[in-house]
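Today I'm going through the aromatic rings, then the charges that sit over them. Notes follow in the order I looked things up.

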Amino acid sequence: MEQDSSRENPSREGASWPGDPPSSTLGQALSQVLHRLTSEESRRGKARSAAIQDLDALIEAAECDQLFEGSDTSLRGMPEMLGQVAKALGKYAAPPKEQEGRARGYSEVAEKGAAVGVLFLKLMGKIEAAKNSLLCPTWKIGLRPLAGPIYIFAVTHSLEQPWTSPRSRDVAGEVLALLLRVTQCGSVAGFLHGENEDEKGRFTLIMELLKPDLNKESWKNNPATKHVFSWTLQQVTRPWLNQHLERILPPSLLISDDYQTENKILGVHCLHHIVLNVPAADLLQYNRAQVLYHALFNHLYTPEYNLIQAVLLCLLDLFPILEKGLHWKGGAARPSTHCDEVLRLILTHMEPEHRLLLRRTYARNLPAFVKRLGILTVRHLKRLERVIISYLEVYDGPEEEARLKILETLKLLMQYAWPRISCRLVVLLKALLKLICDVARDPNLTPEPVKNALLEEATDCLILLDHCSQGQVK
């Protein structure tokens, strides 16, 4: 009964339609469908499923000229109506809130996504036919309100997430490919920033559509929004990204500041992309680089190895920007840098750390910090010595990643700070010889290629140690 009443009384109050709807039969039918998709009453029962079926039939029966009726009068008429319908379809197929998401709910979302994707394929097929026909010259104007909502739907359902299925991902991928073909774009990046200098891209449009769902109160209402934002951001690189900095930086910081590790990592990846693709001058303006640094630095206190890895990689690319204005004039001691501050904290965490995954993460990034500081590594020499010796003593599993990276760090340290190495000859020599004995005695725990790599790195360290001590090792 509810379904029938929704068909018989297509009130326009819930349709959010700006102005009068189109007067044509197709326009009135679409207005009714839009109301049934968006009204509160239709959310119960099967009214919206029936509306999807009716919309399918309308698109099948519509001619090209009917779809673009009113395209020549400032986007009033059918194109804007279709844009509103596309937004409503995207919301209909959107996943539920994270706390409400269940396996059954997500399977329903995947089914809805596949059904809506088929609708979009039919609609885009009509537009492609209009594009190839001389009878519908206004197809470009008609496509404009549709491109943004269809893109957001396609990205939402083409990513491998709990609310998608192989079927829904395939359909969404077809929708995205057809959208690129119709808009005459060779790639998603070209679709977003424009295929050439004269063409205005659609990145601003996409960000405006996402904006209501990317503020502090609403960003968790739709778990797909953050992934659509992140994926879209990664597609736009230099020199196009800096003009959108005010739109992309706040959501990235918001996502990275969440309590869930998954969201923190996603936000840090967004910030890293911004650091790599926005000019240093723009990041230094208004102290943005310092804001980024403090947001990232605070994550180093969390014991999550995958988050630490993402943060350290981002910081290593941020240091050159932060230290761009620092110039040593000689005479006085060089000022401490952000890299010094981070390395001090890393070494503080490394000394007592016993969890293998965190030890590997810290050790993996240590050589990059030594390279970054160069001779200034002598400021941290005592603590580096303790960390190196303690890490060389502990077996790290078949791959021996931590010990290999610590040996690489020791080699770099001896190359940069060689005048300070001779006084540490005995301690370092004992640690290296003990490591060589341990590896040689290891019966079968470590694969032969890893053993050989360890022995080769340890031998290189011994040779360097001999040079630094003027032949005292021999």
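I searched the whole structure, a predicted model, for aromatic pairs and got six.

I pulled up Tyr151 and Phe191 to begin with. Their ring centres are 5.4 Å apart and the planes meet at 20 degrees, so I logged the pair as stacked; the cut-off for that label is under 30 degrees. I then checked where the two sit in the chain. Tyr151 belongs to helix H7 (residues 139–158) and Phe191 to helix H9 (residues 188–193), so this one links distant parts of the chain, 40 residues apart.

Buried or exposed, I wondered about Tyr151? Tyr151 comes out at 1% relative accessibility, so I put it down as buried. Phe191 has 0%, so that ring is buried as well.

On to Tyr293 and Phe297. I read 5.7 Å between the ring centres and 35 degrees between the planes, so this pair goes down as tilted. Here both partners lie in one helix, H15 (residues 288–297), four residues apart, or about one turn of the helix. I checked burial again: Tyr293 and Phe297 are both buried. I also found that ring pairs join Tyr293, Phe297 and Tyr301 into a cluster.

Last, I looked for charges over ring faces. Which residue lies over the face of Tyr92? That's Lys112, at 5.0 Å from the ring centre. I noted Arg359 too, which lies over the face of Tyr391 at 3.9 Å from the ring centre.

Terms used. Residues are numbered from 1 along each chain as its sequence is written. This is a predicted model: local features need pLDDT of at least 70, side-chain atom pairs count only at pLDDT 80 or more; totals for chains, interfaces and linings use all residues. Side-chain values use heavy atoms; hydrogens and water are left out. Rings of Phe, Tyr and Trp (its six-membered ring) pair if their centres lie within 6.5 Å; planes under 30 degrees apart count as stacked, over 60 as edge-to-face and the rest as tilted. Helices (H or I, at least four residues) and strands (E, at least two) are DSSP runs, numbered from the N terminus. Buried means under 20% relative accessible area, exposed over 50%, partly exposed in between (1.4 Å probe, protein chains only). A charge sits over a ring if NZ of Lys or CZ of Arg is within 6 Å of the ring centre and within 35 degrees of the ring normal.
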